[in-house]
Amino acid sequence: LLSSLSFRARLGEVRALGRPIPGARLDRQIQAVGVTAPQNTALRTLALVVAVLGLSCAVSARAHLPELFGRTFVLEPEPAAPPTVRPAPEEDGSALARVREAEALENALKTLEMQTGPYAGDLSDPLMQLATLYSQQGNAVAALRSLDQALHVLRINNGLLHPVQLPVLRQLPELYAQIGDFESGQLVWRYAYRIHGFAELPLADDALEDAMAYFQFARDAFIAPGSPIGNRRFLEAYQDNEDLFDRLRDSENADADQLLAVGISFLRNLYVVLGTDISGELGPVSGDIAASGYERMRGMQTFGLRRGLDVLDLLLEAAVDGSAVDRAQLLVERANWQQWNGKTQSAAGDYLSAFALLDGSPAALSLRSQLAQPALLPEDPALWRSLQGPDMPVRAIVRASYEVSETGDARELEVEAEGDASSALAGRLRRILAESHYRPALRDGVGFSATITGRRYRLLR
């Protein structure tokens, strides 16, 4: 039997995923290999043993799949307090005044275009002003039309890769997102990224800001419920982020703060990759097992845990001359990464190391206060803040109370749906919370059991 273990690849079941094939399907796979009936029982036993071994080897890297916090549900933001005095409808630049201002600017643009021609450089600024007025009116389509014309004028007069385009490009992605065209928005950010070039280090401030906005937009577009954007565009941004991090890592002129910003952004990408169920979430086209993007993401999931640790180790090394609190925060990041990946013992050691660096400074006391409360992982609002927007479709708002153990397990869960939401949806969130990953409450680096009371969540899918 050992000499015929080539059947493993053909079974398609005994992979690092460690997901066993149901019995009847396993029988059919074994028969397809051409094994005789008397050997069937032995082969089934061997296959299950190998599957268990594969699961034990891969469980730490795949303990979180699929990740539901930040994808299926998020924290419900607390409602903002209403203003004490509401402005009168006609005060503070009314909608009617903006409409009239836009009409006047349109007429002025027509006159200027007749005088100077449709591609005169003087047209770009008023076209951008007109786009701003349209955006204030909530007319994203008209704003996009004006910005597209301004961009065309700038490219004709300055060239396709001139940085003079950047102010226009920065306005386009959010407008595309408003009309649901995430892919065009990401393509615009990638175009802006190419214009910067990143040939010189350290990076200019605007180059770093644009890079961070590009990577964040790609993540937000990929995790948005119902987003049609596939894994290809996200993987482009993932690769650009990784390449930029590697360049900063290898450069003697790199700025430590820039390395930290790009590194944390790349870690967020890894959270997204490892938390994606590629067998179902990517859809039938981008999730096709024959697609290179599918295979690449599966490989990234296999080595993602180690890659994240490498990134965090390098950031810790670069922060050796930084403040003790900064290093402690990075140790907490590494501990959270390992806790999320099922490496609870390694995480416990990093939590202890982080607290050993904390003194009595205000920043250290603030971090201690934060860590004294348990938290759902990933403990990074930038990963899921886009899902907290007021226009995000919500299936239910559920209030939950539960205990998080000293090792980060949720128990004693009580849930209640708000409004007209059904109890079935509340029950679903209860099951999801039980399966989620938590950082335990910490005192001097040691986990202790703590209770979360009346926490409100929005169920998205």
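1. Strands in this note are DSSP runs of E, at least two residues long, and they are numbered from the N terminus, as are helices, which are runs of H or I of at least four residues. On that basis strand 2 covers just 375-376, and Pro 378 sits in the loop between strand 2 and strand 3 (396-404). Please keep in mind throughout that this is a predicted model.

2. For the overall picture, the chain has 17 helices and 8 strands. Of its 461 residues, 46% count as buried. Sequence-distant pairing is well represented: among contacts between residues at least 6 apart in sequence, 71% join residues at least 24 apart.

3. Pro 378 deserves a look for its backbone too. The bond joining Leu 377 and Pro 378 is a cis peptide, with omega about 5°. A second cis peptide bond runs from Leu 201 to Pro 202, with omega near 0°. Pro 202 is in the loop between helix 8 (182-196) and helix 9 (205-223). As a reminder, most peptide bonds are trans.

4. Phe 69 would be my next stop. Phe 69 belongs to the loop between helix 3 (37-62) and strand 1 (73-75), yet the residue is buried, because its relative accessible area is 3% and the cut-off for buried is under 20%. Which residues does Phe 69 contact, leaving aside neighbours within four places in sequence? The partners are Val 74, Leu 75, Leu 376, Leu 377, Pro 378 and Trp 384, so both residues of the cis bond between Leu 377 and Pro 378 are in that list. There is also a long-range pairing to note: the C-alpha atoms of Phe 69 and Leu 459 are 9.7 Å apart, although 390 residues separate them along the chain.

5. Now to the internal space. The structure holds 1 cavity of 30 Å³ or more, and the largest cavity contains about 90 Å³. Its lining includes Phe 69, Pro 378 and Trp 384, along with Glu 67, Arg 71, Tyr 271 and Trp 340. By type, the lining residues divide into 8 nonpolar, 2 polar and 2 charged.

6. Arg 307 in helix 13 (292-318) is a good side chain to inspect. With a relative accessible area of 18%, Arg 307 is buried. Its side chain makes a polar contact of 3.0 Å with the side chain of Glu 242. Leaving aside neighbours within four places in sequence, Arg 307 also touches Asp 246, Phe 266 and Leu 270.

7. Helix 16 (362-371) shows a clear one-sided pattern. Its buried residues are Ala 364, Leu 367 and Leu 371. They lie on the same side of helix 16 because they cover an arc of only 60° around the axis. The general rule is that an α-helix has 3.6 residues a turn, so residues three or four places apart point the same way. What do the buried residues of helix 16 pack against? They meet helix 14 (324-340), helix 15 (344-356), strand 5 (438-439) and strand 6 (441-443).

8. Finally, two backbone angles to check. Most residues other than glycine have a negative phi. Glu 412, however, has a positive phi of about 55°. Glu 412 is in strand 4 (410-417) and is exposed, at 62% relative accessible area. Asp 444 likewise has a positive phi, near 55°, and is found in the loop between strand 6 and strand 7 (446-448). At 53% relative accessibility, Asp 444 counts as exposed.

Terms used: Residues are numbered from 1 along each chain as its sequence is written. This is a predicted model: local features need pLDDT of at least 70, side-chain atom pairs count only at pLDDT 80 or more; totals for chains, interfaces and linings use all residues. Side-chain values use heavy atoms; hydrogens and water are left out. Buried means under 20% relative accessible area, exposed over 50%, partly exposed in between (1.4 Å probe, protein chains only). Contact means heavy atoms within 4.5 Å. A polar contact is a pair of N or O atoms within 3.5 Å; within protein, one must be able to donate a hydrogen and the other to accept it, and residues adjacent in sequence count only if both atoms are side-chain atoms. The arc is that of the directions from the helix axis to the C-beta atoms. On a 1 Å grid over the protein atoms alone, a cavity is a set of points where a 1.4 Å probe fits but cannot get out, and a pocket is an open set with protein on both sides within 12 Å along at least five of seven lines; lining residues have an atom within 4 Å of a point. Grid points are joined across faces, edges and corners, and a volume is the space filled by probe spheres set on the points. Ala, Val, Leu, Ile, Met, Phe, Trp, Tyr, Cys and Pro count as nonpolar, Asp, Glu, Lys and Arg as charged, and the others, Gly among them, as polar.
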